[in-house]
Amino acid sequence: MSFLFSSRSSKTFKPKKNIPEGSHQYELLKHAEATLGSGNLRQAVMLPEGEDLNEWIAVNTVDFFNQINMLYGTITEFCTEASCPVMSAGPRYEYHWADGTNIKKPIKCSAPKYIDYLMTWVQDQLDDETLFPSKIGELMLNVFLFN
């Protein structure tokens, strides 16, 4: 699946990855959801006893991506090529896109295009089996999160 506005999409929100119900990863996700609702942030992010740190981080990374994807999908009508011609953080900071592979030299682009590039890049990282293996117990984050 691809990000909301990628040329590969049908321009509707599609969650990045479904974690199979009944799987260990699903149980970790449910644990994270339960502790987030407790109001205790320290408890929500703490590695559950006996769990693999890399798997815990990977499950939460995928969930975070899905949440951001859904959130952005709710505001896209307010930030269009016309209304947001530049990706910026106020008048003093402008973001240019480069991924180091397909686009090596940073390019100026609209905010929606920048977000499309970013979300597609992140999704490609999550789909990379060498970074995020899909088999339970094999999740590792390698260099991606630790650089």
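This text walks through a predicted model, from a cysteine pair to the salt bridges, the nonpolar core and the aromatic rings.

Start with the loop between helix H3 (53-75) and strand S1 (96-97), where Cys79 lies. Cys84 lies in the loop between H3 and S1 as well. UniProt lists Cys79 and Cys84 under "binding site", in an unreviewed entry. That annotation may be inferred rather than shown by experiment.

In the model, Cys79 and Cys84 form a disulfide. Their sulfur atoms are 2.4 Å apart. The cut-off is 2.5 Å, so a pair of cysteine sulfur atoms within that distance is taken as a disulfide. By this rule the model holds one disulfide.

How accessible are these cysteines? Cys79 has 17% relative accessibility, so Cys79 counts as buried. Cys84 is buried too, because its relative accessible area is 17%. The threshold for buried is under 20%. Cys109 is another buried cysteine, at 8% relative accessibility.

Now look at what surrounds the pair. Leaving aside residues up to four places away in sequence, Cys79 touches Tyr72, Cys84, Ala111 and Pro112. With the same neighbours left out, Cys84 touches Phe78, Cys79, Ser110, Ala111 and Pro112. Ala111 and Pro112 thus appear in the contacts of Cys79 and in those of Cys84. Helix H4 covers residues 111-127.

Turn next to the charged side chains. How many salt bridges does a search of the whole structure find? It finds two. One joins the side chains of Glu94 and Lys108, at 3.9 Å from N to O. This pair links distant parts of the chain. Glu94 is in the loop between H3 and S1, while Lys108 is in strand S2 (residues 107-108). The two are 14 residues apart. Glu94 has a relative accessible area of 39%, so Glu94 is partly exposed. Lys108 reaches 54% and is therefore exposed. The limit for exposed is over 50%.

Lys113 forms a salt bridge with Asp116. Their closest N and O atoms are 3.7 Å apart. Here both partners lie in helix H4. They are three residues apart, about one turn of the helix. Is each partner buried or partly exposed? Lys113 is partly exposed, because its relative accessible area is 31%. Asp116 has 7% relative accessibility, so Asp116 counts as buried.

Helix H4 matters again in the nonpolar core. The largest such core has 18 residues. Those with the most contacts inside it are Tyr114, Ile115 and Leu126. Which elements give two or more residues to this core? They are H3 and H4. H4 gives the most, with six residues.

The aromatic rings come last. A search of the whole structure finds three aromatic pairs. Trp97 and Tyr114 form one of them. Their centres are 5.4 Å apart, and their planes meet at 85°. That pair is edge-to-face. Trp97 sits in strand S1 and Tyr114 in helix H4, 17 residues apart, so to speak of distant parts of the chain is apt. Both Trp97 and Tyr114 are buried.

Trp97 also pairs with Tyr117. Why is this pair stacked? The ring centres lie 5.9 Å apart and the planes are at 10°, so the pair counts as stacked. The angle cut-off for stacked is under 30 degrees. Trp97 is in strand S1 and Tyr117 in helix H4, so the pair ties together parts that are 20 residues apart in sequence.

The accessibility values complete the picture of these rings. Trp97 is buried, because its relative accessible area is 6%. Tyr117 counts as partly exposed, because its relative accessibility is 24%. Tyr95, Trp97, Tyr114 and Tyr117 form one aromatic cluster. Tyr114 belongs to this cluster and is also among the residues with the most contacts inside the largest nonpolar core.

Conventions. Residues are numbered from 1 along each chain as its sequence is written. This is a predicted model: local features need pLDDT of at least 70, side-chain atom pairs count only at pLDDT 80 or more; totals for chains, interfaces and linings use all residues. Side-chain values use heavy atoms; hydrogens and water are left out. Helices (H or I, at least four residues) and strands (E, at least two) are DSSP runs, numbered from the N terminus. Buried means under 20% relative accessible area, exposed over 50%, partly exposed in between (1.4 Å probe, protein chains only). Contact means heavy atoms within 4.5 Å. A salt bridge is a side-chain nitrogen of Lys or Arg within 4 Å of a carboxyl oxygen of Asp or Glu. A nonpolar core is a set of buried Ala, Val, Leu, Ile, Met, Phe, Trp, Tyr and Cys residues joined through side-chain atoms within 4.5 Å. Rings of Phe, Tyr and Trp (its six-membered ring) pair if their centres lie within 6.5 Å; planes under 30 degrees apart count as stacked, over 60 as edge-to-face and the rest as tilted.
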